[in-house]
Amino acid sequence: MTEFTAIEHPNPTPQEKITEALANPGFGTQFTDHMVTVEWTEDGGWQNAKVEPYGPISLDPAASVLHYASEIFEGMKAYRHSDGSIYTFRPEQNAARFNRSAKRMALPEIPEDLFVQSLEQLLAKDKAWVPGGEGESLYLRPYSFATEAFLGVRPSKEVRYMVIASPAGNFFGGELKPVKIWVSRDYVRAAPGGTGAAKTGGNYAGSLVAQEQAAANGCQQVLFLDPLHENSVEELGGMNVFLVTNDGRVLTPELTGTILEGVTRSALIQLAKDRGLTVEERRITLDEWAAGAADGTITEAFACGTAAAVTPIGELLDGDKTISHTGDYSTTLALREELLGIQTGKVEDRHGWLHKL
Ligand code: COI
């Protein structure tokens, strides 16, 4: 167990202001009263763990992260159960992925117990910020970045790990409804041997120009393709993608090293199998998707991720062509309800995925 220093907040948010914030959580705009910081040096390892008042941090202008984007992050959530207890979902999976990202980005790995402890420490202070409404949670954002002041290009000898938290409603805003997706033909997200499987800020920065095209065309997300493999489907700007067929199959792109190994993705694969659905993790071309939607063999599509949870895809805009799904999303919504049910304690946690905070 790492010893955390707790620094008292001089001016904590009054309960009525927290209640006001939770009444309309939005996504990623409001932050809780505290944050976690742990420092790492090449010589000393992880040290100086603190839970302290949320606020601006100071960095040397030469800090490596500001120049070479040496940064990794995770997305997790804390859920309020009806008895007031708070749980997170499969934190060991996020810790493992964080460390795979760390390896790829030449940042130090963090012990799983320190990672999990950092979430427990933050929640020990900020439990009041966990909303309890339908589809709501406290979004947790652990991240590490290179702080050494050095402009030479090599792994940093000083790194900071932090966790912040933000009350979250529907990622896409408002009520849950099918989203419209823009197919990116001008930009790719990742290439073999690149950083596509790492959860690193640069992958998201690189997606923004395509995301802008999506928004300009009335779409909420962008779909990236792999042009090296007949335009097979990769992932959306910030989430994985699934298709459902009319004969009880669930399709999702296989993990080829260019897409993110979603924790939600892997849970949904398990839940789909539990329902007797056949799960196919393989390459899926956009042509197959378009043909299946047109002849009725692919009936549903959905996006998934920690932030997005499970969100139906209504339409895919590919230049002047449209792929649409107009079904009842029965499988998508059943999987969504079961996953959210487990996370919020309404459905039995038969796989032991919950971790009490
Ligand atoms: C998540 O789903 O947690 C993510 O990290 C995606 C991010 C773009 C919000």
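Which residues are around the ligand? The views below come from a predicted model, in which local features need pLDDT of at least 70, side-chain atom pairs count only at pLDDT 80 or more, and totals for chains, interfaces and linings use all residues. Residues are numbered from 1 along each chain as its sequence is written.

**View 1. Residues around the ligand.** Gly75, Tyr204, Gly238, Gly305, Thr306, Ala307 and Ala308 surround the ligand; a residue is near a molecule if its C-beta atom, placed from the backbone, lies within 6 Å of it. This shell comprises three nonpolar, four polar and no charged residues. Ala, Val, Leu, Ile, Met, Phe, Trp, Tyr, Cys and Pro count as nonpolar, Asp, Glu, Lys and Arg as charged, and the others, Gly among them, as polar.

**View 2. The two domains and their contact.** The protein chain is divided into domain 1 (5–169) and domain 2 (179–344), with bounds from an automatic or database domain assignment. Their centres, taken over C-alpha atoms, are 27 Å apart. To the contact, domain 1 contributes 21 residues and domain 2 contributes 14 residues; two residues are in contact if their C-beta atoms, placed from the backbone, lie within 7 Å.

**View 3. The loop that holds Gly248.** Gly248 lies in the loop between strand 12 (240–245) and strand 13 (249–252); strands are DSSP runs (E, at least two residues), numbered from the N terminus. Gly248 is exposed because 12 other C-beta atoms lie within 10 Å, and a residue counts as exposed at 12 or fewer. Not counting residues up to four places away in sequence, Gly248 touches Leu277 and Thr278.

How values were computed
Helices (H or I, at least four residues) and strands (E, at least two) are DSSP runs, numbered from the N terminus. A residue is buried if 20 or more other C-beta atoms lie within 10 Å of its own, exposed if 12 or fewer, and partly exposed in between; C-beta atoms are placed from the backbone.
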